[in-house]
Amino acid sequence: MSTAPRICPLCEATCGLVLTLDGSRVTGARGDRDDVFSRGFVCPKGAAFPQIDADPDRLRTPLVRENGELREASWEEAFGTIAARIRPLIEDYGPDSLGIVLGNPNVHTMAGALYPPLLLRATGTSNLFTASTLDQMPKHVSSGLLFGDPFAVPVPDLDRTDHLLVIGANPLDSNGSLCTAPDFPGRLAALRRRGGTLTVVDPRRTRTARLADRHLAPRPGTDALLLAALVHTLFAEDLADPGPLAGRTEGVDQVRDAVREFTPEAVAPVCELDPGTIRAVARELAAAPTAAVYGRMGSSTVSHGTLANWLVDVLNVLTGNLDRPGGALFPRSATASAPRPAGPGRGFLLGRRHSRVSGHPEVKGEFPLAALAEEIDTPGEGRIRALITIAANPVLSAPDGLRLDAALEGLDLMVCVDPYLNETTRHADVLLPPPPPSQSAHFDFAFNGFAVRDQVRYTPAAVPLEAGRMDECEIHARLILAASGMHGAPPSAVDDLAVDATLAKAVTQPYSPAYGADPKEFAAGLGGASGAERRLDLMLRLGPYELTLDELKAHPHGIDLGPLEPRLGEVLKTRSGRIELLPDPIAADLPRLRAALTAVPEPARLQLVGRRHLRSNNSWLHNTPALNGGSNRCTLQVHPEDAERLRLADGGPARIKGAGGELTAEVEVTDAVRPGVVSLPHGWGHDRPGTRMTVAAARPGVNVNQLLDGTLLDPLSGTAVLNGFPVEVTPLAPATPL
């Protein structure tokens, strides 16, 4: 028996674990008390690591389709098949005949962070689709427009703030999102102990809302209206005070004019809130010694998602809490580029190109995932004929999975990197399975950039790679070689090219630690036992702390880099070099929000919202027995008043109908949802044939996204409207027993 540290890869909290090992088998997992960030905290997902790691349904060898059936194949045959088929397609039909889909698990692995950008460059395709347009893309767009960098996402300084306003987020169940914070419950409890205030805005009385000093339950999809009314109140009552930010911000007066119509009285009938309560929230926010506004999924996956995310940071700016301890600050990741001198940057542009069928504008290099099906099944020049999916299950996660399911059948080639034969990968021509997480090293490239405290941690693989498996980074490198016409070259060539390209740029930048160095000598000094480790070592050396991989390995529980600090000058990359508080694309979208002021809801019309669960993470973990059970159920939550009006029985079946289709689900009558709202969780629907997920198939649930036809999108970000859309709910009589 032995132990090994391992950063949990199952959600954004990135908690440190201690794995108990019996030889190469993981037998237990507990929180790592010595971890510099999580200090021993662990949630049910982390505790279930052994079951996830040893899942018998995880694929062990590649699968290749032959005569319509998937069969086991060698790694050599799998990559040879890809190389033989993908290059002719690209050469005959052009690079955009290939689409690439990246799922959320990519940001939880080293391979998913390091290699997909190289795959995109190697193939030349512009058809990129990711889970971001089902999740956080509105935040990237608003940050790009305000600060010039879509990854400059300010996070609430949870450990020092006096007032936290949470809108459309349930961190006690999600563990935080775009706010990496192990032990979110403990941090909120500490806020209350030090006399701070928690305000939660959510149409459901979530676990987070139950902790709040004030819980507002507006009608779903009205977050932007409520936020605009808060901004209006700050101006109307002379409470707006950017403080030191005033000299670094332009557009304050224009914002004042833009929100003039959004009085609390004007938004109250649509939000279904009291105007006095709206004013009270604004006053409390302005009066707090320090405060932070934090919004997530519920305020992003709605029709005004980008406007809502923009208004979150407008509030942080106008109250003087942006880039301020106790407010909302920009983390400094150890692998971020070294700080450049303050001054104007290149800015952020939307719509540099448009999708072929519906003309959706590109955002951050991506098209909406909701548009993938039409890009495959609509005939004509430029049609996607080949698809690579990496850790993605869009048949469940994107709107109108039935259409996408059918479209995937029409592809000439589909390659998937995934450990499971699931609802999407069952269509693969070649399926490449990565090893279990215990057999992979781990570093959080993305989440350290959203962390509430600066820190850095690296954990090598806890156990050796099992015979017959291939390291996930090598899988990605070989896929790049096969897709780029370099099949047969050593995988290290991919990493060498990446190192050379990075250093060629770094040695010319005066603010880089490598400035003026000889690229070959600098590369020769890199440590690491693999190409991925060498690239990580390079990023650490070029980063703001000039660390090395050897230093990280000498600190297996991480290195604490201290609390977040003001650093706005390093972050701003707008063309003006200032916070641009009312960017043109935002101003152009505001008339749509003004039109919503007249959209007074029909009392009898229901709106559907999703919900998080601590034992779930989208569609990933439903095949884990310890996580698929108890209260983690795919039920339709309905308020008692609506249940009585519609004659819905608790535990009975109901039909839910939306623009994209209809479903049947079990009713759960509860006052946890407000009247007029029903809730169905995301990520279920494991009932398709041809999958190999035994536990999930035994309790399949229904796919809520099938209620959508994919036409409802936030126009600025291309994000699907997954929350706050209308549905019809009717009771179904139980089946008569034979």
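**Entry: strands E10 and E11**

I began with strand E10, residues 197-201, and found that three bridges join E10 to E11, the two strands running parallel. I noted one of the contacts by residue: Val201 has Leu216 as its bridge partner in E11. I keep in mind throughout that this is a predicted model.

**Entry: the sheet around E10**

I then asked which sheet these strands belong to, and in what order its strands lie. The sheet is open, has four strands in the order E11-E10-E9-E13, and is paired in parallel. Strand E11 (214-216) and strand E13 (292-295) are the edge strands, each of them pairing on one side only. From one strand to the next the twist averages 15°.

I also looked up what lies across this sheet, and found helix H15, residues 305-318, lying across strand E9 (163-167) and E13. The helix runs at about 175° to E13.

**Entry: an aromatic pair at E13**

I searched for paired aromatic rings, and the count comes to five aromatic pairs. One of them is Phe184 with Tyr294, which is stacked, with 6.5 Å from centre to centre and 25° between the planes. I placed the two residues next: Phe184 lies in helix H8 (residues 184-193) and Tyr294 in strand E13, so the pair ties together parts that are 110 residues apart in sequence.

**Entry: cavities**

I turned to enclosed space, since rolling a probe the size of a water molecule over the atoms shows where empty space is left. How many cavities of 30 Å³ or more does a search of the whole structure find? The search finds four.

The largest cavity has a volume of about 80 Å³. It is lined by 13 residues, of which Lys139, Pro154, Val293, Tyr294 and Gly295 are the closest to its centre. Tyr294 is thus a residue that I meet twice, once in the stacked pair with Phe184 and once in this lining. I checked which elements contribute, and strand E8 (155-156), E13 and H15 each supply at least two residues of the lining. By class, the lining of the largest cavity divides into nine nonpolar, two polar and two charged residues.

The second largest cavity has a volume of about 70 Å³. I listed its lining as Cys8, Leu10, Cys11, Ala13, Thr14, Cys15, Leu17, Val42, Cys43, Gly46 and Asn175. This lining has eight nonpolar and three polar residues, and no charged residues.

**Entry: the sheet E1-E2-E3**

Several residues of that last list, among them Cys8 and Leu10, sent me to the start of the chain. There I looked up an open sheet of three strands, with the order E1-E2-E3 and antiparallel pairing. Which strands form its edges? They are strand E1 (2-7) and strand E3 (25-31), each pairing on one side only. The twist in this sheet averages 30° from one strand to the next.

I followed the pairing of E1 with strand E2, residues 16-22, and found that the two strands pair in the antiparallel sense over six bridges. Within this pairing I noted that Thr3 stands opposite Thr20 in E2.

**Entry: strands E24, E25 and E26**

I next examined strand E26, residues 661-669, to see how it is joined to two other strands, E24 and E25. Four bridges join E26 to strand E24 (residues 635-638), and these two strands run parallel. In this pairing Thr635 has Glu666 of E26 as its bridge partner.

With strand E25, residues 653-658, E26 shares six bridges, and here the strands run antiparallel. The bridge partner of Gly658 is Gly661 in E26. I recorded E25 and E26 as a hairpin, with two residues between them.

**Entry: the second largest pocket**

I closed with open space, and looked up the second largest pocket, in which about 510 Å³ of space lies. Of the 23 residues lining this pocket, Pro220, Ser303, Ala599, Gln607 and Gly724 are the closest to its centre. I sorted the lining by class as well, and its residues divide into 13 nonpolar, seven polar and three charged.

Definitions and conventions:
Residues numbered from 1 in each chain as written. Predicted model: local features only at pLDDT ≥ 70, side-chain atom pairs only at ≥ 80, totals over all residues. Heavy atoms only, no water. 1 Å grid on protein atoms, 1.4 Å probe; cavity = no way out; pocket = protein on both sides within 12 Å on 5 of 7 lines; lining within 4 Å. Points joined across faces, edges and corners; volume = space filled by probe spheres on them. Nonpolar A, V, L, I, M, F, W, Y, C, P; charged D, E, K, R; others polar. Pairing = 2+ DSSP bridges. Axes fitted to C-alpha atoms, helices over the stretch in contact; angles between N-to-C directions. Contact = heavy atoms within 4.5 Å. Phe/Tyr/Trp six-rings, centres within 6.5 Å; stacked < 30°, edge-to-face > 60°.
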